Amino acid sequence: MDDAKLKPLFTEPDTLVERLRNHLKTLEDQLYFLTRQDRAVVLAYLAQLDAAWRLYETLKENGEGGEILRFKILQKHVLAKAAPLLKILGGPENLKLVRPAETLPTEQPWWFFDRHVARQRALRWRRVARWGALLVAVGLGLVLLFNTVLKPDPAVAFRMRHYNDALTLATENQDYAGALFEVEQALSVAPNDSELLTFKGVLLAQLDRAAEADPLFEQATALAVEPEQTLVLRGQYLRQLNHPESALTLTQQARAINPESAEAWLLAGQIYADLGLYPPAHDSLSQAAALALAQDKVELYVLAKANLAYLGQGAGLEP
């Protein structure tokens with residue numbers, strides 16, 4: 001047999017385009033689990049992005065522009081995870097220490113998660129401000145009504161105060177132990193409150209006490225009006241605690257139990273939007289609006305339509 005005709009079973013890609021495609025495929029496969037990795041793995045992933053970028057730049061210099069859309073979509077999905085990845089890397093100051101010299105945010109934005117997170121926060125605050133002026137007048141009227149005609153009994157006020165304190169501690173300070181203490185205070189006056197039981201379970205899970213959390217989720221489910229309600233509520237809390245992938249999994253479980261849950265479709269749409277996945281976000285929010293309208297859930301319908309409007313502004317989609 002002529003040895004010159006033999007070919008190896010496995011060969012390296014022959015062209016730069018093929019190398020870039022293989023590189024992007026590897027990066028896409030690893031991205032989903034990236035927020036569950038440690039600092040070293042995240043840094044290695046960013047270095048691999050650099051390698052893909054250098055391949056792409058070489059292709060451009062040679063007059064080839066292949067894979068540009070695919071590379072931009074990958075960058076967009078990476079930036080959608082900027083907040084949790086920045087936390088894994090140790091915050092803005094630690095990111096600056098490992099950022100390669102002469103790196104530009106317009107070329108390698110993955111090394112500038114701190115700026116991206118700051119821009120996203122500013123955008124959210126601007127959106128909140130738009131509604132603020134309108135809600136202030138309404139809020140003042142409700143406060144007056146609340147403190148006169150509709151003033152709750154002391155137990156209700158106690159529950160609300162400690163619940164709100166727990167939510168603030170968990171979402172703004174990541175103080176899960178402090179939040180757990182506040183939830184337990186609220187439960188002392190409302191021991192069969194499914195919302196509080198669910199919140200306590202989520203906090204216990206964050207504190208690596210999952211064995212204690214599961215019975216609470218079962219108790220909350222037994223008390224809930226709808227069987228999928230606890231799953232949706234857990235997803236809402238996890239979204240607020242910046243765990244979008246886990247929250248999305250819970251919405252999928254909720255929709256499997258009840259495909260017509262407008263609440264589950266709404267939450268799924270919000271999470272997809274958080275991740276920068278605009279087409280599935282649009283589809284989910286549209287489904288939520290349709291179901292809410294059919295079920296006469298006016299507030300939910302308005303919320304779904306408002307989310308669609310915001311989505312359209314950010315992604316160029318029709319609400």
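Let's start with Lys 297, which is partly exposed, with a relative accessible area of 31%. The model you're looking at is predicted, and Lys 297 is a handy way into its salt bridges. It forms one with Glu 263, where the closest N and O atoms are 3.0 Å apart. From there we'll look at other charged pairs, then a pocket, a surface patch and a helix.

**The Glu 263 and Lys 297 pair**

- Where do the two partners sit? Glu 263 is in helix H13 (residues 262-274), while Lys 297 is in the loop between helix H14 (278-294) and helix H15 (298-315), so this pair ties together parts that are 34 residues apart in sequence.
- Glu 263 counts as partly exposed too, because its relative accessibility is 27% and that class runs between 20% and 50%.

**Other salt bridges**

- Here's the general idea: side chains of opposite charge can pair when their charged atoms come close.
- How many salt bridges does the count come to? The total is 11.
- One of them joins Lys 25 to Asp 29, and the closest N and O atoms are 2.7 Å apart.
- Both Lys 25 and Asp 29 belong to helix H1, and they're 4 residues apart, which is about one turn of the helix.
- Lys 25 is partly exposed at 41% relative accessible area, and Asp 29 is partly exposed at 44%.
- Lys 96 pairs with Glu 93 in another salt bridge, this time with 3.7 Å between the closest N and O atoms.
- Why are Lys 96 and Glu 93 separated by about one helical turn? It's because they are 3 residues apart in helix H5 (residues 92-98).
- Buried or exposed, what is Glu 93? Glu 93 is exposed, at 55% relative accessible area, whereas its partner Lys 96 counts as partly exposed at 44%.
- You can also look for a network of salt bridges that links Arg 159, Asp 193 and Glu 195.

**The second largest pocket**

- To picture how pockets turn up, imagine rolling a probe the size of a water molecule over the atoms, which shows where empty space is left.
- The second largest pocket here has a volume of about 260 Å³.
- Its lining is made of 13 residues, and the ones nearest the centre are Leu 31, Tyr 32, His 77, Lys 81 and Leu 277.
- What kinds of residues line this pocket? The lining divides into 8 nonpolar, 1 polar and 4 charged residues.
- Helix H1 (16-31), H3 and helix H12 (244-257) each give at least two residues to the lining.
- Which helix supplies the largest share of the lining? That's H3, with 5 residues.

**A nonpolar patch on the surface**

- Ile 68, Leu 69 and Ile 73 make up a nonpolar patch on the surface, and together they have about 270 Å² of accessible area.
- Ile 73 is part of helix H3 (residues 68-80).
- With a relative accessible area of 41%, Ile 73 is partly exposed.

**Helix H4 and what comes after it**

- Which residues are buried in helix H4 (residues 82-89)? They are Ala 82, Pro 84, Leu 85, Leu 86 and Leu 89.
- Gly 90 follows H4, and its phi is positive, near 100°.

Notes
Residues numbered from 1 in each chain as written. Predicted model: local features only at pLDDT ≥ 70, side-chain atom pairs only at ≥ 80, totals over all residues. Heavy atoms only, no water. Patch = residues over 30% accessible without salt bridge, like charges linked within 9 Å, V, L, I, M, F, W, Y side chains within 5 Å. Areas by Shrake-Rupley, 256 points an atom, 1.4 Å probe, with all protein chains shown as cover. Salt bridge = Lys/Arg side-chain N within 4 Å of Asp/Glu carboxyl O. Buried < 20%, exposed > 50% of the residue type's maximum accessible area, 1.4 Å probe, protein only. 1 Å grid on protein atoms, 1.4 Å probe; cavity = no way out; pocket = protein on both sides within 12 Å on 5 of 7 lines; lining within 4 Å. Points joined across faces, edges and corners; volume = space filled by probe spheres on them. Nonpolar A, V, L, I, M, F, W, Y, C, P; charged D, E, K, R; others polar.
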